[in-house]
Structure formats: C-alpha cells, structure tokens
Amino acid sequence: MSEASGLFTGYTVPEGTLDEVFSTFSHAYPNYPAIRQVFDELHAGDFQRLNESAKLSFLNQGITYAVYSEEGGGKEKIFPFDLFPRIIDAAEWTELERGLQQRNEALNMFIGDVYGERRALKEGIVPEELVMSSSHYVPGMEKFRPRGDIYTHVCGTDLVRHTDGKFYVLEDNLRSPSGVSYVLSNREAMRRTLYGMFRHVPVEAVNEYPAMLLQTLQSVAPQREGGPRCVVLTPGPFNSAYYEHSLLARLMDCDLVEGPDLYVDDDTVYLKTISGRQRVDVIYRRIDDAFLDPEVFRPDSMLGVAGLMRAYAKGRVTIVNAPGTGIADDKAICAYVPDMIRFYLKEEPIIQNVPTYICGRPDDLQYTLEHLAELVVKPVDMSGGYGVMICDRLDEEELAELADKIKADPRNFIAQPKIMLSTHSTYIEDQNRFAPRHIDLRTFTLLGADKTRILKGGLTRVALREGSLIVNSSQGGGSKDTWVIC
Amino acid sequence: MLARIASTLYWTGRYIERSEHLARYLRVQYFSMLDAPMSQSKDFILKSILNMYGSDFDEAGTLVETDVLRRVGMDYSVPTSIRSTVKSARENAGSVRHVISTELWEAVNSFYLYSDRTDPADFAMRGLYDYTFEVGRQCAIIRSRIHDTLLHDQAWVFVKLGIHLERVAQVIRIINSKLHDADVISDSGGPNENKVLKLYQQTILLKVVEGFDMHRRAYQRRQTRRTTLEFLIGHPTFSRSIIYNLERVVGLLVSLHGREDVNDPAQFRAGKLHAYFRYLDYDAICERPIATLTEALGEVYALHDDIERIYFNLVTTDTPAQTQSQHQR
C-alpha cells in the first residue's frame, strides 16, 4: 500500500495574512480540519488523478474562456478549478445576505434617483460632477422609470475578507456581471469528483439560480397575453463569456439570441424565427450599453438592435440590466455607497467598504500622491483586473509615471489601501501540494419587481500566482466551489 | 425556432457528416496504394486525394506525400481539411449549445479536442490510420447521440437534413472521383491489366463508402461497374445510397413544412431529384456516369440554396454559419 500524500507538507501561512483554513478568527468554519483530513488521507497520485479528472470534465464540457492578446484573437483555456471548497458558516452568510440586499437595493434607488429627481446629488450625498462625468451616464434614461423601478436586476458584489476576519466590499458590478456559470459548473465538478464530502457537510444548493433568474426576468416583463418571452442577448460565440450565456439560456429554456436575430417594428421587439416573427418581452442582455442600439449609442454596432431604446422607452420591452447602470459601479462611486444606504434606507451599512480615495477629490488626490507606494490604484471604468497597479511592487520610475497619469486625469482613478485578501488552501499542480493563495468572493443578487433573491454561495476566485492579489481569470486566476452551510 | 439556430444546426450536421467522408476517403485511398494488385503511381493516388478535397495542385510538380497528407488532414489554413471541418462542426454546435443535449455537445466537443490534439507530424508519418479511423468512430457516437438524446423535433430535423444532404453530395463526389480514377488507369494499361485495375477501383469505391460487404450480400459476390453503381445510387435499404438519403431529405422537408406540398420549392426539387434517381436508366448512366452525376450534384446544391432561402434567409449578417457555407462546395 502506498503512503499518504502529505498534500499539506510545508504549508506556511504568510505573516500578516489570514488563512481561512488554518487561521483562527471569529467566523472560521470549525470543521475545516476534517475536510483537510479527507485530502491528507488520499494516497500519493490519487489527488492528482482527481484533479486531472475534474479538469478533463471541464474540457469535455467545453467550459472554457477566451483570453484576448495584443496580437489579436483569443486562446481557449480552462478556468482553473480547485477541489478544496471554500466554506462559509450559516450565521455569517445570513448576515452577508442582509448586507448584500441592503447595498444593492440602495444602489438601485440611487440609479433611479440620478435619472429622476436627483435628491442625493442636490443634497450633496454624492458629488454631482462625479456622476455626470461618468462615461456610463445615459441621457436617454432621464425621467424614464423601468418596470418595478428596477434598474440593476443582476448585481455582482465582490467581497474580500481582511485580516480582521470581516468581509469588505471591494467593488460592485452592476452592468453584466459574469461568473455564475462557474458557480454551477464548479458544484457539478465537485459532485462528480468528491461526492463523498457532501454526505458529511450540509451544503446550500446553487442549482436554483437559473430558476431564480427567470423568475426575476418574468417579474419585470410587460404585461400582455401570451407572454412573457424572455431571451438572452449575447455578442456571439467568440465572446469570452459565451459559455455562460449559452448555459443560462439552456437552463432557463430561453432563446439565446444575437443582435441580428431581433428587429424592431412599430416600437416592438421581434424575434426572427423559421415560422415568422415572435414578440420579445424581456431581454437579458450580455452586451455593453454602447452596443445596444446603433440609433442611440455606437452607430457602428453590429451586436445590438436598431430601435431597441425606442421600444424600451415605450415600455414594450424590458432590458436587463437597464442601460446606464454603469454610473453606480464606477469605482469612484463605490466609496459613497455607505452614505447612500444611510440616505435612502435610513440604516447603517451592514457590510463595510474597503476605504477608497477618489482622485477626483483634491484632498484624496493629494493623499494618493503622497502615499502612492502604499496604495493600490485602479482605473474607475475598467474591469477584469486590467489596469490595477499594486504600487509597492513598482520601482521609482514606474511610480513617477503612474503619478503623472493620475495628475493628468484624476477623475479616472481611485486608490485603496492594500487589503491583504485572505488566503485559502489551494492545490498547486507543479508542486503536487496545497499552498495558501489569496481569494475573493463574487456574490450574485437578483432584484425583481416581486422580491430580492440572493444566490447562496458565489464564486470564490483564487489568485494562483504566489503572493498575487489579482484573482481575475484573465490575469491568471482560478476558482473554487463555495459552500454555504445550511 | 430562430432562423440562425436552424441554419447552425443544419451546418453542424453537414460538417459532422463531411468530416467522416473525408477521413474515410483518405484512409481507403491511401492504404489502397500499399496493397494494390500492381504498383499504382503514388502521384496518381495523391492527386486523387487532392481532387476529392477540392485542393489545387501543380500538375507539373512532384507531390510530396507527407505534405499532401498534412494538407488534407491537419492544415487549419485549408478550409476543406479534416481538422478544419471538425473545428467548424464544433463551432456550429457550440453556437447551438443551449438547444442540443449535453450528451451531444460533449460528444462533438470531445471529437474536436481529439482532432485538435493530434500531432500533424505524427499524423503524416504513422498516425493516419488511427486518426481517420477514430474520426469515423467519433462520428458514429455523435450520430447515436443525435438519435438518442435529442427530441425528434425541428432542431433534430435540421441536423438530420444537414447530414442526409451532405451524404448525398459526398457519395456523388466519391463515386465521381473513383470513376475518374478508373478512367485514367484504363487509358494507361493493356486490356487484362485494365480489367483488374478497374475492378480494383470499384472495390475501393465500395470500401470508401463502407459498402463492400453489403454489396457482396446484395449481388451474391458478383461485382461489375453496373452493380456497383446500382448499389451506391439506388439500393433502397443501404443507408449510404443516394436514393436512401434523398428519401430521408424529402421526408424531413415534408415534416418541416407540415404537409406534402409540391408548391414548396425545396420539397419539389428534392422530390424531383429522388424520382430521377429512383427511375434511373442504369444502361444509360453507365455510358456517361460522371456527367450524369455532376448534373445531379448541381441539383443537390440548388436544393441547399432553396433550403437556405426558405428557412435561413432571415439572417442578414455574416454569421459563422454563413461564412462557412461559402466554402462548402
């Protein structure tokens, strides 16, 4: 008989880091040692085989994404998946759910306010020029009230656990947050590979998400006989998130459409089918505002539908998420969300923000420039980890270059103290052992006209490079199944 | 069903079917070179292979075997190579992933991954048999997934329509290619040698469509040019015969339209083509088979155009399916 693998041999938690598996903190999951033991009892090679089997399962299912390169084109890759689940206990999750609901409802009210009465701007809760200068502001949304007053039907909130053991909000994603397909696929991979674990740990299901999303879409559909018909609008198979678009359409039993599959006639949106046209009520769009309607946004867009905004303004179709929601997930706006919660809901924020310095504000700009080497600087309108600068890794020349960029366009940057994201035991293939790697958590909140729904769990993203704090898949990140204990 | 989805399903079926025929043709042709009754010119076989793949070649130059094999088997820059065809099948299936079953998608995806992982150098030196054999095996798995895991609804009809129409086109092209080979050979040898070589070409032809054994059963071991053509064109229960597949095409078009209707241009053309082959005068066709079949192939392409116009013409942009349709012939 072969010896146990010793997959945790040499596991060392870096100083000043909280490790969710090995460190002691208030919400630490008490049964991690038992899970660890399951892995540790595996014989040499067994874990490697399980790992290979999980990878093959992803590859065969075509669960891949494209990475864009400067040379052009995309290369298909598997989003690395780690078999050690991240576990969140029930009490902590309940509190997080309350916080997510509170935050996203406040953000939704803020968007409605900006395109409506602008109370928060008039009362100085959020600086008017910060909102009005956002490239995501859509004048066509002014005075328009979408069905149920819902703008951000699908919200992706990124959380990180700091060394104090508490979750903080890193950023909000209110346009087309992606990643939920990995939540569903990761759980499926875990069930196929390590099914024995589920017998011992009561885990909340995640496979209800497509039904929750469909209920949310249906709740905001225009009322008519024979409806509602919901569709998922994708840029097409070459988009990096196409697998997700396809999966959600399939699991919701909706049509997956591309722009040219739709057209607008008499301010009504129709689907081109082999047996004629069929009316569309709700479009869950996975394309950016800029491409939605060439009559209103980019005239060269081939991905959208001419006349869509006219149909939307007449209330004949619902667009999910509403155009113009990007004003609230601008990274500079994130800093004001606690004040929004107090203003609109008269409550104290349940989940705190990572402190944010808005370079567009003179005081914050001065602080940022004076403490640049200690901060993390991010462009306000980029996602996917692109443009993030971790300044203590820059040399003097690079710091000076960054400072010049910030001074030239302060509105475009925010700075945050370097939050030491928690780590989690992650299998490192080339070392055939577990090592601590930094993680975050993307959660998914659905705001419907009837109720708010929150996926119990989320996508734990892992920065696979040792010491790296950037978890995005496009920057070498992987993911883990996230278990919320029932 | 979305017009674009219908088109993509149809092309998924066509590419799957096409990859199998291309692989089988390559395998049988190439290995026929090794066990021919008398030495056939290697150049002759390689030119025949290039012809079938619709690949241009320099008539005067000497063909390098490994280059030809790589070009028709592995070269992604050649749209008619086997690998390109498998890739197109997978791209199309990926675009309709939400409409087809998980089992079918995973079968197509595994097929592509296998093909993509194949080392072109190894393929050209020693892996040709394994690769082309595996292509056939994977296509058989995919066909069973189509049959067993899809609802036999409109989506299924479009995939099957693609398969059967492609099979008609490929079988015609294969027959023509081998008849052409036989003619070239018969011009170059003495009468006895010609007889053996011609018979050998007919055997290869039957093997290319995997009909050799069933032809023997159907004709009690008698094999002539006429029996070969009768079997491949008109056998009512051999699933690779032209008549068998045209009958399916007609049935599928009727089910799409909802009823038999001669005013439906696609049904009309398919029915006419079916009737033409059903009542074919084999004495006459044996006189000028290549010209007859080439005309028929033109009608098959016209039928494709009818289907595209009637069912897919709502698509106005250059989708992957449309782009790919431009190099179908």
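# Exercises on chains A and B

Val264(A) has Val269(A), in β9(A), as its bridge partner. The model is predicted: local features need pLDDT of at least 70 and side-chain atom pairs count only at pLDDT 80 or more, while totals for chains, interfaces and linings use all residues. Residues are numbered from 1 along each chain as its sequence is written, with chains lettered from A and ligands numbered from 1 in the order in which they are written.

**Exercise 1. Place β8(A), β9(A) and β10(A) in their sheet, and find the edges.**

Step 1. Start from the pairing of β8(A) with β9(A) (residues 268-273), which is antiparallel over four bridges. Two strands pair if DSSP finds at least two bridges between them; strands are DSSP runs of E of at least two residues, helices are runs of H or I of at least four, and both are numbered from the N terminus.

Step 2. Add the third strand: the order is β8-β9-β10 in chain A, in an open sheet with antiparallel pairing. β8 (262-265) and β10 (276-279) of chain A each have a single partner strand, so each is an edge with one side left without a neighbour in the sheet.

Step 3. From one strand to the next, the twist averages 40° (axes are lines fitted to C-alpha atoms, for helices over the stretch in contact, and angles run from 0 to 180 degrees between N-to-C directions).

**Exercise 2. Describe the surroundings of β5(A).**

Step 1. On one side, β4(A) (residues 154-161) pairs with β5(A) in the antiparallel sense over six bridges. Within this pair, Leu159(A) has Val169(A) of β5(A) as its bridge partner. The hairpin has five residues between the strands, and Gly165(A) takes a positive phi near 90° there.

Step 2. β5(A) also pairs with β13(A) (residues 352-353), in the parallel sense over two bridges. Here Val169(A) stands opposite Asn353(A).

Step 3. β5(A) (residues 167-173) has six of its seven residues buried, so the strand is largely enclosed by the rest of the structure. A residue is buried with 20 or more other C-beta atoms within 10 Å of its own, exposed with 12 or fewer, and partly exposed in between, the C-beta atoms being placed from the backbone.

**Exercise 3. Set out the make-up of chain A and of chain B.**

Step 1. Chain A has 14 helices and 22 strands; chain B has 15 helices and zero strands.

Step 2. Of the 486 residues of chain A, 47% are buried. In chain B, 45% of the 329 residues are buried.

Step 3. The C-alpha trace of chain A spans about 75 × 60 × 50 Å along its principal axes. Chain A has a radius of gyration of 23 Å, which agrees with the value near 23 Å for a compact globule of 486 residues; the radius is taken over C-alpha atoms, and the globule rule is 2.2 Å times the number of residues to the power 0.38.

**Exercise 4. Analyse the side of chain B that touches chain A.**

Step 1. Count the residues: 21 of chain B are in contact with 19 of chain A, contact being C-beta atoms, placed from the backbone, within 7 Å.

Step 2. α1 (3-32), α4 (82-95) and α5 (102-117) of chain B each supply at least two residues to this side. α5(B) gives the most, five residues.

Step 3. By class, this side of chain B has ten nonpolar, seven polar and four charged residues. Ala, Val, Leu, Ile, Met, Phe, Trp, Tyr, Cys and Pro count as nonpolar, Asp, Glu, Lys and Arg as charged, and the others, Gly among them, as polar.

Notes. Contact = placed C-beta atoms within 7 Å.
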